[in-house]
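Student: Hi! Could you pick one part of this model and take me through it slowly, as one connected story? I'd like to see how the pieces around it fit together.

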Amino acid sequence: TITVLPILGDQLSEGLASLRGRDPGACVVLLAEVRAECTYVRHHKRKIALVLSAMRHFSLRLRACGWTVDHVRLDDPANTHTLRGEVVRAAGRYRATEIVAVEAGEYRLRLDQSGWGEAAGIPLHLLEDDRFICSRDAFSRWAEGRRSLRMEFFYREMRVRTGLLVDEDGAPAGGAWNYDHDNRKPPARGLAPPPALGFTTDAHTREVLDLVDHEFAGHFGTLDGFDLPVTREQALIALDHFIDHALPRFGDYQDAMLAGEPLLFHSWLAPAINLGLLDPLEVCRAAEAAWRGGTAPLNAAEGFIRQIIGWREYIRGMYWRDMPEFATRNELGASRPLPEFYWTGETDLRCLAESIAQTRDLAYAHHIQRLMVLGNFALLVGVDPAAISDWFLVVYADAYEWVELPNVIGMSQFADGGAIASKPYVSSGAYIDRMSDYCRGCAYDVKQRTGERACPFNALYWDFLARHEARFRANARMRNIYAGWDRMAPAQREALRRSAASFLDRLVPAEPGWARSS
Ligand code: FAD
Ligand code: SF4
């Protein structure tokens, strides 16, 4: 009897549930590079190259460990270019008697997986993906009957469960669960981030880069200077580099933005974690060890660990709890098409131009660029949440729907009605000016509210608040903001709304087809 073990492109973990405890002599591992997964949205070229190269390296690694691996290449003439087609073909090739797979992270693929057994005419056993700390069931139990599903409460439970930064008596290390109040420093003058770590490409990666360049030439983004970690060994080096050089100031400058410094003190480990090359717990334990060893302060270690056992696990729980409806949520009734410059980068708003150029070149932007520049602008101008969600899904190397969609629809666009964020993440230009150096070189003046040279974020901010007054005035966290609006002279309010309307009239919508083939 032969078992086929299909492994998806983001399941590249040697300890994967379907591999654990199994006899390699009775199994064939299947890795299939299929066009359908590269194009259901037109993913950034760099992201496709990352996944394909990591898959090829993972196959080599498994073979070295004694597994029989059938790796179907993208350019294999017999490739059916769907996962289901390749599972069926493999089942036939090996006269397999069963299929054992780990549940897909995305709703779309999980539905498809359910039909694999029937299509192949043999039993299918789907195993839970236990690379997450909180199972889907455990999350449902946590969420059940709660009035508030705020991440902070969930996070504290994850701290206790994992024991991370928890003292022997069960108290949080240092006496508090959260040190965010120490973490919002603007970039100091002359702030110098550590040198970025890049990996040179080997022959396998170079072959993939040529293939992607050729096959997906029309997709967004560039491949130049590709240097992402594609193996577990490289990912571990990237982890060490982050812990030694960037973690100590990760907390302080978590929200800071500097032109030409994409990473600052961020880890850029998300692609490796999401692919399965790094285990989220080992990453957190490394951060905890740095604090215990005295090389990183508590606010940095706690802030970093919260992103992973808090936000990452919580976001996944919310995704599975609310899919498939989640994808269609549009609580604020936003319907504007995505502005064209999100794809071309051609805009004179410098904060956006910088963030988009960096996204095009690296498939990376850090959290605050995503939330307070790119997401903030889309929310202020009222972009259709599905359209901005598609953009985020295409452009980032770490973007898989289970993590992208709740971050965009929920956290960033408030389209879930406030289940994830207690108030909309909107700001005027003042916030961007405080946290970045973008405004200094911008065509607009961040201090002006109306007029030709006024920073567009200012009028758009007040216009958004006025448009949604009925919904947000009663929000306790927004009371002071509306008090500010009330204090303005009527003529000033009018001028702000006119400025916003004239800016919105000039926004050029993107042609359809950038994100999904039309
Ligand atoms: P760091 O700042 O170094 O953070 C450490 C780790 O924490 C990350 O690697 C990641 O694993 C985790 N993390 C931090 N914040 C979140 C979060 N909100 N949700 C889940 N994990 C988190 N993250 C993705 O992995 N994929 C996405 O598609 C994605 N889309 C996003 C879209 C929007 C609008 C926003 C606001 C955030 C999104 N995030 C997404 C979360 C976060 O921005 C990225 O994880 C982070 O920028 C990745 O860079 P990093 O590895 O340098 O992160
Ligand atoms: Fe962005 Fe306004 Fe600053 Fe220009 S002035 S960089 S548009 S916030």
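Tutor: Happy to! One definition to begin with: the bounds of each domain come from an automatic or database domain assignment. Please keep in mind that this is a predicted model.

With that assignment, the chain splits into domain 1 (3-127), domain 2 (136-322) and domain 3 (341-505). Between the C-alpha centres of domain 1 and domain 2 there are 27 Å. Their contact involves 21 residues of domain 1 and 22 residues of domain 2. On the domain 1 side, helix α2 (residues 45-64) gives the most, with eleven residues. By character, the domain 1 side that touches domain 2 is made up of nine nonpolar, six polar and six charged residues.

Let's stay with α2 for a moment. The helix has 20 residues, and at 1.5 Å a residue they should span 28 Å; the end C-alpha atoms are 29 Å apart, so the two values agree. Of those 20 residues, 16 are buried, so α2 is largely enclosed by the rest of the structure. Just after α2 comes G66, which has a positive phi of about 100 degrees.

Now let's cross into domain 2 and look at the part I'd like to examine closely, the surroundings of F304. This residue sits in helix α12. F304 has 28 C-beta neighbours inside 10 Å, and 20 or more make a residue buried, so F304 counts as buried. Not counting residues up to four places away in sequence, F304 touches L247, F250 and A287. Along the chain, C284 is 20 residues away from F304, yet their C-alpha atoms are separated by 7.7 Å.

L247 is a good next stop. Leaving aside neighbours within four places in sequence, L247 has contacts with F242, A287, A290, A296, A300 and F304. L247 also appears, along with V87, I99, L269 and A287, among the residues with the most contacts inside the largest nonpolar core, which has 155 residues. As background, nonpolar side chains tend to be buried together in soluble globular proteins.

Helix α12 also leads us to ligand 1. Together with α10 (270-275), α15 (367-381) and α17 (401-412), α12 (298-322) supplies at least two residues of the shell around ligand 1 from each helix. Of the 28 residues around ligand 1, the nearest are S267, A270, Q307, A399 and E404. Domain 2 and domain 3 each contribute at least three residues to this shell. In character, the shell around ligand 1 divides into 15 nonpolar, nine polar and four charged residues.

Two loops complete the neighbourhood. The loop between α9 (232-250) and α10 contains L264, whose phi is near 45 degrees, a positive value in a residue other than glycine. L264 has 21 other C-beta atoms within 10 Å, so it is buried. On the other side of α12, the loop between α12 and α13 (341-344) holds P324. The peptide bond from M323 to P324 is cis, with omega near 5 degrees.

Definitions and conventions
Residues are numbered from 1 along each chain as its sequence is written. Chains are lettered from A and ligands numbered from 1 in the order in which they are written. This is a predicted model: local features need pLDDT of at least 70, side-chain atom pairs count only at pLDDT 80 or more; totals for chains, interfaces and linings use all residues. Two residues are in contact if their C-beta atoms, placed from the backbone, lie within 7 Å. Helices (H or I, at least four residues) and strands (E, at least two) are DSSP runs, numbered from the N terminus. Ala, Val, Leu, Ile, Met, Phe, Trp, Tyr, Cys and Pro count as nonpolar, Asp, Glu, Lys and Arg as charged, and the others, Gly among them, as polar. A residue is near a molecule or strand if its C-beta atom, placed from the backbone, lies within 6 Å of it. A nonpolar core is a set of buried Ala, Val, Leu, Ile, Met, Phe, Trp, Tyr and Cys residues joined through C-beta atoms within 7 Å. A residue is buried if 20 or more other C-beta atoms lie within 10 Å of its own, exposed if 12 or fewer, and partly exposed in between; C-beta atoms are placed from the backbone. The expected span of a helix is 1.5 Å times one less than its number of residues.
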